[in-house]
Amino acid sequence: MNYVTVENISKSYGELTLFENLSFSIHKDQKIAFVAKNGTGKTSILNILSGKDTPDSGQIIFRNDITTAFLAQEPELDSKLTVEEAVFDTKNPILGIIKDYEKALENPDNTEAYQKAFDNMDRHQAWDFETQYKQILFQLKLDNLQQKISTLSGGQKKRLALANALLKKPDLLILDEPTNHLDLEMIEWLESFFAKEQITLFMVTHDRYFLERVCNEIIELDHGELYAYKGNYSYYLDKRQARIEREAVETGKAKQLFKKELDWMRRQPKARTTKSKSRIDDFHDIKHRAHQRRKDHEVQLELNMERLGSKILELHHVSKRFKDKTILDKFNYTFKKGERIGIIGKNGTGKSTFLNILTQSAQPDSGKVITGETVKFGYYTQSGITIKPDQKVIEVIREYGDYIPLKKGRQISAQQLLERFLFDRKKQYDFVEKLSGGERKRLYLCTVLIQNPNFLILDEPTNDLDIVTLNVLENFLLDFPGCLIVVSHDRYFMDKIVDHLLVFRGDGVIDDFPGNYSDFRIYEDSQELEIVETSKKDKKQWKKDSNNALSYNEQKEYKNIESKLNSLEYDKKELEKAFNNPDLNPDQVTELSHKLQEIIDEIEEKELRWFELTSKMED
């Protein structure tokens with residue numbers, strides 16, 4: 001079933017043409033990733049599909065009865081609302097179904113309207129909407145439902161917008177970098193969510209493992225042409241490489257034919273026959289193909305950085321706390337030459353604070369951080385680059401340095417470094433404010449690298465970078481001979497770059513794991529499996545084996561009770577917190593007490609039914 005047809009769309013901004021005459025379609029159950037370099041119009045295409053923008057030419061045709069949702073990089077939310085209010089402030093069709101049902105309850109005599117509303121509630125599984133939105137918000141670490149949007153960080157706002165898009169349960173979900181601002185646990189949850197939900201996806205993402213596990217088709221925009229690959233990321237890599245090699249062979253043949261035709265053109269008299277005119281037209285086409293060349297760059301640098309001494313960086317009994325949150329607790333570590341460390345952990349466990357302590361832009365509460373005399377840090381932070389009015393790309397780089405010294409007396413200039421990171425000579429003289437978000441991140445990377453550090457620290461370097469740039473960065477880092485620390489949620493990037501991990505567990509617990517991210521996941525999964533196996537022996541796994549003792553409706557009820565109990569426990573804790581307010585008057589205390597008692601009674605009722613069903617399963 002065809003959901004969307006895109007016909008010959010084009011988009012330009014002044015003299016800059018992003019794309020011309022692009023056509024593709026989106027069908028039911030497709031999970032498509034759109035891949036292209038930064039600055040070639042990925043976000044513009046998503047904005048056009050979502051209706052936020054229009055093409056200069058061409059058209060977008062949607063199937064009449066489909067629903068869509070769009071997750072933008074910079075979501076628009078009402079700052080006056082709370083997190084929970086924002087869920088109910090959306091154009092979610094399920095909310096309309098619930099309102100219709102509530103209206104039907106007010107007019108029970110109209111049995112036809114009531115039955116229709118009841119059936120709609122069933123069809124769209126609207127009965128459990130409260131449980132659903134709370135579960136999704138909790139998975140995305142938005143636990144405080146009463147927190148004002150105005151106080152949320154940029155990452156929290158993006159996660160709230162993602163939750164709203166998922167709760168809408170659209171036929172077609174359009175996503176712009178959905179894994180940005182998610183930690184690894186959230187990303188893996190989102191992968192499993194898309195695996196079980198029947199949602200058609202069209203997304204831009206740089207997360208290659210996410211591509212591998214979620215997408216079943218990839219559309220690539222390369223040098224103005226669209227190429228479709230019906231498979232995941234591994235399939236795309238194989239077929240793309242085969243296409244590039246085939247194009248190289250065809251270009252080589254075209255060059256040989258061009259030489260032959262050029263000789264013929266030079267020998268021709270001025271009078272030409274119709275046949276020879278046709279051959280001349282063919283000649284111009286051959287000339288165009290013969291002069292095509294790929295503009296991809298690979299970074300292959302032998303850096304001549306300052307040598308690291310015997311003492312590099314040492315942490316002795318370092319502790320750091322923020323109010324009641326422990327980040328480091330008497331942490332010890334001695335960095336060695338050539339170490340390549342990845343740092344992983346949930347959001348809020350202190351990864352960025354740890355990096356700031358290493359570079360002494362933040363101070364520990366106690367302990368010592370000793371930096372060797374020869375250490376020169378290059379620190380890429382999440383804050384990005386500061387844009388000055390009317391500043392050009394090349395001018396930004398030259399503020400930090402004119403060249404990087406290479407071995408054997410060679411060097412690479414600021415212009416050459418920019419070229420290697422996909423800024424051609426024309427782009428280098430563009431104003432910085434004209435760059436896309438991904439291009440600014442790429443430029444920021446170049447400002448860090450031009451300083452020729454021997455200890456490189458990268459805090460979420462993969463956010464907003466396209467896959468082509470990620471490959472360039474990976475090649476550079478693989479050649480980097482100094483110490484390297486990377487904080488990233490990009491598992492593919494981590495696997496390729498680092499050889500051991502510091503795992504931030506929270507509450508000051510940090511594990512040193514000897515391996516990359518995939519090694520770590522295998523180890524963690526084996527630990528969980530071991531716990532489950534032990535549990536099986538102790539409890540004999542009565543639950544799984546005895547589910548058959550319940551009817552279908554009872555199994556459904558059993559699952560719903562577990563979800564409802566989680567929601568009720570949360571409500572109970574929130575009400576208990578409300579009693580701590582010293583400004584409460586007696587009437588408010590009484591009202592809160594009644595609400596709390598109602599929740600406690602409902603919890604007891606649900607638990608009683610849960611035990612009834614459990615005992616039936618044990619029989």
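Here's a short walk through this structure, one selection at a time. Keep in mind that you're looking at a predicted model.

**Start with everything on screen**

Show the whole protein chain as a cartoon. You have 21 helices and 20 strands to look at. Now switch on the surface: the chain exposes about 33,100 Å², with carbon and sulfur atoms supplying 47% of that area. Of the 619 residues, 46% are buried. Contacts often link distant parts of the sequence, too: take the ones between residues at least 6 apart, and 68% of them join residues at least 24 apart.

**Stop one: the six-stranded sheet**

Hide the surface and color strands E5, E6, E7, E3, E8 and E9. That's the order in which these six strands sit in an open sheet, and their pairing is mixed. Which strands are at the edges? Select 68-71 for E5 and 225-229 for E9; each of these pairs on one side only. Turn the view and look along the sheet: from one strand to the next, the twist averages 15°.

Next, zoom in on residues 31-35 and 217-222. These are strands E3 and E8, which pair in the parallel sense over four bridges. Want a particular pair to click on? Pick phenylalanine 34, then find its bridge partner in E8, isoleucine 219.

Stay with this sheet and add residues 42-50. This is helix H1, and it lies across E3, E5, E6 and E7. To see those last two strands, highlight 172-176 for E6 and 200-204 for E7. The helix runs at about 150° to E6.

**Stop two: the three-stranded sheet**

Move along the chain and color E11, E10 and E13. They make an open sheet in that order, with antiparallel pairing. Select 325-335 (E11) and 366-371 (E13): these strands stand at the edges with a single partner strand each, so one side of each has no neighbour in the sheet. The twist here averages 20° from one strand to the next.

Now bring up residues 313-322, strand E10. Seven bridges join E10 to E11, and the two run antiparallel. Show side chains for leucine 315 and tyrosine 333: the leucine stands opposite the tyrosine, which belongs to E11.

What packs on this sheet? Select residues 351-358 to find helix H11, which touches E10, E11 and E13. Compare the helix direction with that of E10, and you'll find an angle of about 135°.

Methods
Residues numbered from 1 in each chain as written. Predicted model: local features only at pLDDT ≥ 70, side-chain atom pairs only at ≥ 80, totals over all residues. Heavy atoms only, no water. Pairing = 2+ DSSP bridges. Axes fitted to C-alpha atoms, helices over the stretch in contact; angles between N-to-C directions. Contact = heavy atoms within 4.5 Å. Buried < 20%, exposed > 50% of the residue type's maximum accessible area, 1.4 Å probe, protein only. Areas by Shrake-Rupley, 256 points an atom, 1.4 Å probe, with all protein chains shown as cover.
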